[in-house]
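Please look first at the rings in the interior of this chain, and then at the empty spaces enclosed around them.

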Amino acid sequence: MNSPVAVVLAGGGGKRFWPIQTSKSMVPFLGSTLLVHNLNRLKKTGIADVIVVVHPQDEDISAHISVPGLKIHTVVQPEPNGMAGAVLAAALLFEGKPCFIMNAEDLVEESLFRELASYVVGDCVVSVGIKVTEYFPGSYFVFEGTRVVGVVEKPGQGNEPSDLVGLVFDYFPDSDRFIELLRMTKSNTDDSYEKALNELLRDGKAKILTYEGYWYPTKYPWHILDIMNELLTTISEFRGKNIEIKSNVVIEGPVYIGDNVKIFENTKIVGPCYIGDNTIIGNNNIIRHSHIGAGCVTGFNTDITRSYIGDNCWFHSNYIGDSVLEGDVSMGSGTVLANLRLDRGEIVSVVGKNRANTKRTKLGAIIGKNVRFGVNTSIMPGVKIGSNSMVGAGLVVSRDIPDASKKLL
């Protein structure tokens with residue numbers, strides 16, 4: 001039997017991910033992209049041959065991906081034609097071999113990869129599902145008694161055939177059969193992958209693994225905070241080279257401090273926290289349970305709490321609570337990212353033409369790349385601000401701001 005190949009889907013589009021411009025799997029956490037974190041977990045399956053399918057905008061970045069112990073091939077998905085299109089873009093590289101297909105944009109426990117290792121040498125189709133207690137717009141497994149007989153994509157609330165949702169964590173011992181079904185399947189909606197899987201489940205033996213661990217998909221931009229929180233639990237105390245910590249600095253809990261970091265007087269950092277290389281933490285700061293990227297400056301009297309801060313962000317006397325800043329964001333003194341409604345209710349975000357309940361009672365702003373704020377501006381909870389925008393001084397912003405906006409008055 002040929003050795004199995006892993007096909008890692010990292011090329012999906014992300015309209016619901018706005019204003020974040022970085023592809024979901026390429027968002028950096030703790031100095032590595034989400035894709036690389038997942039590739040390191042993939043090694044637990046024992047699979048060494050990996051095909052990563054990426055979006056065209058990530059072709060240059062992905063060409064340099066390297067993970068010890070893995071042989072990685074990169075394929076560009078030329079059109080945004082869903083998971084089926086991604087698998088077919090890579091099909092020539094794994095024809096005749098068993099394959100394992102996973103989504104690089106989700107985060108699951110390492111234990112699931114280890115469990116799969118015992119199945120990737122068998123002749124049985126294996127899919128993984130997770131039980132849900134409320135409707136999730138995904139694929140649901142269909143059962144006759146205890147035997148799985150199919151899968152249906154987005155059946156609609158009240159029409160769910162079971163409480164088990166697929167994770168896109170699928171092993172196919174006969175990949176040629178699955179590829180054939182993908183090529184034969186026609187659909188006007190983005191469910192060709194699920195329809196082909198449905199045919200396999202109907203006409204062959206299959207096993208469904210019920211997974212009970214955490215599952216963090218990156219469907220919406222605030223999901224970055226979920227993945228940040230989980231990955232922060234994995235860090236250990238670390239001090240990089242050439243760091244400088246001034247007097248009266250208090251550091252509690254596990255805090256990763258990268259190379260050339262400077263932390264000035266009277267600052268408190270409460271872990272778990274990650275502080276990237278060449279970042280300067282100013283006087284009288286408080287930083288709690290946050291990810292701060294490389295090359296940032298958190299100036300005097302800044303409070304960053306439970307937030308994801310990308311590279312090259314600048315602050316001075318700001319409050320940043322439960323927020324996501326993609327990178328290259330600069331805030332004038334006194335600007336605040338509010339994170340709590342007065343009624344303490346769940347925060348709703350407008351996504352396209354719909355209102356999405358974030359299920360969070362604390363959520364600050366979500367800000368794309370290259371955004372500038374004037375002094376003393378207040379951003380209300382859950383507001384999203386597009387890349388390459390300027391937001392003037394003394395404003396109260398309670399609605400989303402599109403890309404390349406100049407909201408100066």
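F100, F113 and F169 form one aromatic cluster, where rings of Phe, Tyr and Trp (its six-membered ring) pair if their centres lie within 6.5 Å, with planes under 30 degrees apart called stacked, over 60 edge-to-face and the rest tilted. The model is predicted, so that local features need pLDDT of at least 70 and side-chain atom pairs pLDDT 80 or more, while totals for chains, interfaces and linings use all residues. Residues are numbered from 1 along each chain as its sequence is written, and side-chain values use heavy atoms, without hydrogens and water.

By this rule there are 11 aromatic pairs. In one of them F100 meets F169 edge-to-face, at 4.8 Å centre to centre and with 70° between the planes. This pair links distant parts of the chain, with F100 in strand β6 (residues 99-103) and F169 in strand β12 (residues 169-172), 69 residues apart; strands are DSSP runs of E, at least two residues long, numbered from the N terminus. Both F100 and F169 are buried (under 20% relative accessible area, 1.4 Å probe, protein chains only).

F113 and F169 also appear, among others, in the lining of the second largest cavity, a space of about 60 Å³. A cavity is a set of points on a 1 Å grid over the protein atoms alone where a 1.4 Å probe fits but cannot get out, and lining residues have an atom within 4 Å of a point; the volume is the space filled by probe spheres set on the points, which are joined across faces, edges and corners. Strands β6 and β7 (106-108) each supply at least two residues of this lining.

Terms used: Helices (H or I, at least four residues) and strands (E, at least two) are DSSP runs, numbered from the N terminus. Buried means under 20% relative accessible area, exposed over 50%, partly exposed in between (1.4 Å probe, protein chains only). On a 1 Å grid over the protein atoms alone, a cavity is a set of points where a 1.4 Å probe fits but cannot get out, and a pocket is an open set with protein on both sides within 12 Å along at least five of seven lines; lining residues have an atom within 4 Å of a point.
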